[in-house]
Amino acid sequence: MGLDKTVADVAQAVRGIPDGASLAVGGFGLCGIPSALIDALLREGTSGLRIVSNNCGVDDWGLGLLLRAGRIDRMTSSYVGENKEFARQYLSGELEVELVPQGTLAERLRAGGAGIPAFYTPAGAGTQIADGGLPWRYGPGGAITVASPPKESRVFNGTEYLLEESITTDYALVRAALGDRHGNLVFHSSARNFNPLAAMAGKITIAEVEHLVEPGELDPDEIHLPGVFVQSVVRVHPGDPTAQRRIERRTVRTQQEVGT
């Protein structure tokens with residue numbers, strides 16, 4: 001491939017992702033999600049996906065589109081979010097779900113990218129996360145068919161910690177504000193949340209960027225993710241409806257509330 005990692009469009013970028021692949025997907029809520037790549041994956045028809053992401057979008061946007069089309073087999077997430085279809089599929093046994101404390105999920109991705117197989121954390125100690133038995137998949141009649149295993153624990157300086165395994169995936173999909181042809185990425189404000197961690201965890205990382213620049217144009221001190229973690233870069237245009245920035249829950253104040 002060489003140093004120029006750009007591809008022509010999002011369809012070409014996701015074409016090699018097979019059915020049943022595992023994917024780490026960046027973003028938090030609807031902020032910083034690789035929506036154009038997700039839409040391209042939907043149109044490609046890829047199914048049986050095992051996805052690791054902070055949440056699963058909403059019913060009509062982001063990963064929620066793949067979920068609604070029945071393309072996701074398993075989710076590893078921190079919360080259900082504003083997605084009723086996610087909850088429906090989980091409770092009906094159509095979707096396997098591993099819920100992970102948010103900080104633990106972030107560190108599992110980071111550790112995977114750093115080559116660390118496991119780590120100890122106090123999060124979840126003394127709870128059912130430690131004991132196991134959390135429902136990952138339901139069967140007919142609400143019976144639990146797949147449950148979480150118990151976790152190894154250890155005491156350090158009088159505090160109990162749980163052993164958590166790191167996460168690596170076959171692919172990662174991320175979105176950046178700026179990127180160059182070598183795959184160096186810069187994220188905008190809160191979009192720099194799970195995106196760098198997801199990119200590190202993926203064996204093959206595909207980045208959609210809003211602005212593509214030439215190598216050398218990015219200040220090395222301002223690069224958030226070096227290109228060594230990125231295999232493909234594709235530019236998305238602001239006018240592309242699949243790349244629009246959406247707000248998950250819009251909240252506005254009335255004129256009375258602002259005193260006008």
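**Group meeting talk: a walk through one predicted model**

Let's start with Asn-184. Asn-184 is found in the loop between β10 and β11, the latter being residues 185-186. One caution before we go on: this is a predicted model. Now, is Asn-184 buried or exposed? Asn-184 is buried, because its relative accessible area is 15%, and the cut-off for buried is under 20%.

What does its side chain reach? One partner is a side chain: Asn-184 makes a polar contact with the side chain of Asp-180, at 3.0 Å. Another is backbone: a polar atom of the Asn-184 side chain lies 2.8 Å from the backbone nitrogen of Gly-227. Now leave aside the neighbours within four places in sequence. Asn-184 is then in contact with Leu-178, Gly-179, Leu-218, Ile-223, Leu-225, Pro-226 and Gly-227.

Next, a buried arginine. Arg-137 lies in strand β6, residues 135-138. Its relative accessible area is 14%, so Arg-137 counts as buried. Which backbone oxygen does the side chain of Arg-137 reach at 3.1 Å? That of Gly-93. The backbone oxygen of Glu-94 also has a polar atom of the Arg-137 side chain 3.5 Å away. Again, set aside neighbours within four places in sequence. The contacts of Arg-137 are then Asp-73, Gly-93, Glu-94, Leu-95, Glu-96, Ala-143, Ile-144, Thr-145 and Val-146.

Another arginine is worth a look. Arg-74 has its charged end over the ring of Trp-136, 4.8 Å from the ring centre.

On to the nonpolar cores. How many residues does the largest nonpolar core have? It has 31. The residues with the most contacts inside this core are Ile-17, Leu-23, Leu-37, Leu-41, Ile-51, Leu-66 and Ile-72. Several elements feed it. At least two residues each come from α1 (10-14), β1 (22-25), α2, β2 (49-52), α3 (63-68), β3 (72-77), α4 (84-92) and β10 (169-180). Which element gives the most to this core? Helix α2 does, with 5 residues.

Take Ile-17 as an example from that core. Beyond its neighbours within four places in sequence, Ile-17 is in contact with Leu-23, Leu-41, Thr-46, Tyr-171, Leu-173 and Ile-206. Apart from the largest core lies another one, of 23 residues. Among them are Ala-106, Leu-109, Val-174 and Leu-185.

Back to helix α2. Why is α2, residues 35-44, described as largely enclosed by the rest of the structure? Because 7 of its 10 residues are buried. Those buried residues are Ser-35, Ala-36, Leu-37, Ile-38, Asp-39, Ala-40 and Leu-41. Two of these names came up a moment ago: Leu-37 and Leu-41 are listed with the most contacts inside the largest core. And just after α2, Gly-45 takes a positive phi of about 90°.

Now the cysteines. How many disulfides does the structure hold? The count is 0. Look at Cys-31. Its sulfur is 17 Å from the closest cysteine sulfur, in Cys-56, and that is too far for a bond. For a disulfide, the two sulfur atoms would have to be within 2.5 Å. The two residues also sit in different settings, so to speak. Cys-31 counts as partly exposed, at 29% relative accessibility. Cys-56 is buried, with a relative accessible area of 0%.

Last topic: aromatic rings. The structure holds 3 aromatic pairs. One of them is Tyr-120 with Phe-156. Their ring centres are 5.2 Å apart and their planes stand at 65°, so the pair is edge-to-face. This pair links distant parts of the chain. Tyr-120 is in strand β5 (residues 118-121), and Phe-156 is in strand β8 (residues 153-156), 36 residues apart. Are these rings hidden away? Tyr-120 counts as partly exposed, at 27% relative accessibility. Phe-156 is partly exposed too, with a relative accessible area of 30%.

Phe-156 has another ring partner. Phe-156 and Tyr-161 form an edge-to-face pair, 5.5 Å centre to centre, with 80° between the planes. Tyr-161 counts as partly exposed, at 22% relative accessibility. Put these together: ring pairs link Tyr-120, Phe-156 and Tyr-161 into a cluster.

That's the tour.

Methods: Residues numbered from 1 in each chain as written. Predicted model: local features only at pLDDT ≥ 70, side-chain atom pairs only at ≥ 80, totals over all residues. Heavy atoms only, no water. Buried < 20%, exposed > 50% of the residue type's maximum accessible area, 1.4 Å probe, protein only. Helix = DSSP H or I, 4+ residues; strand = E, 2+ residues; numbered from the N terminus. Phe/Tyr/Trp six-rings, centres within 6.5 Å; stacked < 30°, edge-to-face > 60°. Lys NZ or Arg CZ within 6 Å of the ring centre and 35° of its normal. Polar contact = N/O pair within 3.5 Å; in protein donor to acceptor, adjacent residues only side chain to side chain. Contact = heavy atoms within 4.5 Å. Core = buried A, V, L, I, M, F, W, Y, C linked by side-chain atoms within 4.5 Å.
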